[in-house]
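Trainee: Before I rely on any label in this description, I would like to hear the reasoning behind it, with each value set against its criterion.

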Amino acid sequence: MVGGRPLLGAGIFHSTGSGSGTGMTTAKTAALLIRDVALVDVVRGRVAGLRSVVIEGGVIRDVLDDALAWSGTSLDGSGRYLAPGLIDAHVHCFLSASGTPRLDYLAASDEELLAVGRHNLGVAIRAGITTVRDVGAPAALMTRLQGEVAAGQVVGPHLVSSGASLCRPRGHGHFFGGEVASPAELRARIEQQIAGGAQWVKLMASGGGLTPGTQPHRAELSVAMMRAAREVARANGVKVTAHCHATAAIERVVEAGLDMIEHASFLDSHGRTRVDIDVACRVRDSGIAVCPTVYGGFLTAQHFRQVGEAANPDDPTAIERLEARLTNVGPLHRLGVSIVGGTDCGATHTPFDTLVDEIGAFTMQGLSNAEALRTVTSDGAEQLGLSRRGRIAAGYEADLVLLAADPLADLEALRRPLAVLKAGEVVHEAGAEEST
Ligand SMILES: [Zn+2]
């Protein structure tokens with residue numbers, strides 16, 4: 001409900017179609033016109049003025065300056081803002097976002113994990129997140145969850161997956177099942193995962209905070225392993241990203257020519273955080289994007305401060321490292337490194353609706369509202385290889401959020417969308433009963 005008016009059915013949705021009913025089914029199958037809405041042009045960083053948007057077959061067919069004679073289903077956008085649906089580039093569907101996500105994961109059955117995944121995706125879509133990229137999951141369960149989303153059995157964002165994150169034996173995140181001991185094993189695993197629906201490759205290039213027995217300031221995969229991953233990924237038309245806390249791991253990613261870096265904590269060999277400007281410039285010059293996952297890091301640091309210890313006893317500088325992810329964003333942005341918005345949701349105390357917090361944190365480091373918004377729309381889509389998402393223009397997928405206020409003026413406007421459309425279908429409206 002919006003101000004007492006339902007968006008679907010007999011409210012501002014008007015249908016003169018076949019009489020087969022209004023609401024989600026009609027919106028999905030029939031053409032839809034969103035009339036007289038203030039269009040948020042994320043690329044130019046301005047509101048384009050009132051437009052009417054024609055959606056058909058899940059795709060934006062046209063964006064018109066003038067009202068259109070229209071006999072089908074329509075949505076009155078007057079007084080409202082239309083922005084692209086958001087993209088969270090770093091999620092873990094099967095983690096619980098509790099204080100102990102790894103222990104929860106290890107204790108859960110497959111069916112319980114699937115329930116966690118369905119719940120998380122529901123939280124995301126209600127927050128206006130229409131695409132997520134999972135960067136660490138049990139591969140077989142991920143294939144099942146992707147199937148449920150694709151079949152419409154689960155209402156959730158488009159689910160881009162990298163299957164199980166790949167690590168050295170007993171390396172970071174090994175509990176997802178992606179341990180590989182040699183380039184040959186790595187290649188075989190990547191091909192198997194792509195066959196199962198993975199569209200990215202995720203490497204664990206350093207230790208991590210969730211995994212005892214690993215050290216975040218140590219690089220954990222050789223350049224030869226990374227190159228093998230890149231070769232087999234390229235041959236299959238997918239990209240490679242790498243979890244890197246250690247600066248030494250970031251340097252190897254540059255040498256191996258990968259596509260993206262997660263976290264980019266810039267830990268030196270003693271575990272201290274210091275952005276190495278020379279390495280950061282090489283990241284930029286190589287066209288490697290960084291997904292810094294600052295807000296989850298901030299929340300996790302807060303949690304560790306409260307309980308007095310980190311999750312990984314081999315990670316003595318965890319709090320410093322987690323808090324530095326935020327302060328790293330300023331220098332990286334000023335150097336011209338491409339920043340992509342992603343939350344690490346599912347990890348410690350980071351639920352699936354924290355993307356607005358993530359980009360709000362970016363603005364504390366000098367990004368404008370428009371620059372921050374692009375990290376989760378047009379720029380994010382481009383870096384993820386999603387060429388038809390993240391903008392409102394003819395030919396783009398109709399993944400949209402209808403908002404009560406202008407997000408370029410205040411990013412908080414994104415937090416509770418009035419309606420969320422995925423592939424042209426209204427999949428959530430504010431005030432509708434929440435389901436899990
Ligand atoms: Zn992660």
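Mentor: Let us begin with confidence: pLDDT is the predictor's confidence in each residue, from 0 to 100. This is a predicted model, and the mean pLDDT of the protein is 90, with 92% of its residues reaching 70 or more.

Trainee: Over which residues does the pLDDT stay under 50, and how many contacts does the model have there?

Mentor: One such stretch is residues 8-12, where pLDDT stays under 50 and the model has 15 contacts beyond four places in sequence. Residues 14-29 also have a pLDDT below 50, and that stretch has 24 contacts in the model beyond near neighbours in sequence.

Trainee: What makes His90, His92 and Asp344 the protein donors of the zinc ion?

Mentor: The criterion asks for N, O or S atoms within 2.8 Å of the metal, and the atoms concerned, NE2 of His90, NE2 of His92 and OD of Asp344, lie 2.1 to 2.2 Å from the zinc ion. They therefore count as donors, although water is not among the atoms and sites may look incomplete. In sequence, the donor residues are spaced H-x1-H-x251-D.

Trainee: Why can histidine 92 and aspartate 344 be said to tie together parts that are apart in sequence?

Mentor: Histidine 92 is in the loop between β7 (86-91) and α2 (101-107), while aspartate 344 is in the loop between α10 (318-335) and α11 (355-364), so the pair ties together parts that are 252 residues apart in sequence.

Trainee: How do you know whether histidine 92 is buried or exposed, and what about aspartate 344?

Mentor: Buried means under 20% relative accessible area. Histidine 92, at 6% relative accessibility, therefore counts as buried, and aspartate 344, with a relative accessible area of 10%, is buried as well.

Trainee: What places isoleucine 288 in the buried class, and which residues does it touch?

Mentor: Isoleucine 288 has a relative accessible area of 1%, so it is buried. It lies in the loop between α8 (277-285) and β13, and, leaving aside residues up to four places away in sequence, its contacts include Val253, Val254, Leu258, Met260 and Val337.

Trainee: And why is threonine 130 called buried?

Mentor: The reasoning is the one used before: at 1% relative accessibility, threonine 130 counts as buried. This residue lies in strand β8, and among the residues it touches beyond four places in sequence are Gly85, Ile125, His158, Asp399 and Leu421.

Trainee: What makes the pair of glutamate 111 and arginine 144 a salt bridge?

Mentor: The cut-off is a side-chain nitrogen of Lys or Arg within 4 Å of a carboxyl oxygen of Asp or Glu, and here the N to O distance is 3.1 Å, so the pair qualifies. Glutamate 111 belongs to helix α3 (residues 110-126) and arginine 144 to helix α4 (residues 139-150), 33 residues apart, so the pair links distant parts of the chain. Glutamate 111 is partly exposed at 44% relative accessible area, as is arginine 144 at 39%, since partly exposed runs between 20% and 50%.

Trainee: Are arginine 133 and glutamate 262 buried or exposed, and what distance joins them?

Mentor: Both arginine 133 and glutamate 262 are buried, and their closest N and O atoms are 2.8 Å apart in a salt bridge. Arginine 133 sits in strand β8 (residues 129-134) and glutamate 262 in strand β12 (residues 260-267), 129 residues apart. The whole structure holds 17 salt bridges, and Glu251, Asp278 and Arg282 are linked in a network of them.

Trainee: How do you know that β10 and β11 pair, and what makes β10 an edge strand?

Mentor: Pairing requires at least two bridges between two strands; five bridges join β10 to strand β11 (residues 239-246), and these strands run parallel, so the requirement is met. One bridge partnership is that of leucine 203 with alanine 242 in β11. The open sheet has four strands in the order β10-β11-β12-β13 with parallel pairing, and β10 (200-204) and β13 (289-291) are its edge strands, as each pairs on one side only. Neighbouring strands of this sheet are turned by 35° against each other on average, direction ignored. Helix α6 (residues 223-235) lies across β10 and β11, running at about 155° to β11.

How values were computed. Residues are numbered from 1 along each chain as its sequence is written. This is a predicted model: local features need pLDDT of at least 70, side-chain atom pairs count only at pLDDT 80 or more; totals for chains, interfaces and linings use all residues. Side-chain values use heavy atoms; hydrogens and water are left out. Helices (H or I, at least four residues) and strands (E, at least two) are DSSP runs, numbered from the N terminus. Axes are lines fitted to C-alpha atoms, for helices over the stretch in contact, and angles run from 0 to 180 degrees between N-to-C directions. Contact means heavy atoms within 4.5 Å. Donors are N, O and S atoms within 2.8 Å of the metal (3.2 Å for Na, K and Ca); water is not among the atoms, so sites may look incomplete. Buried means under 20% relative accessible area, exposed over 50%, partly exposed in between (1.4 Å probe, protein chains only).
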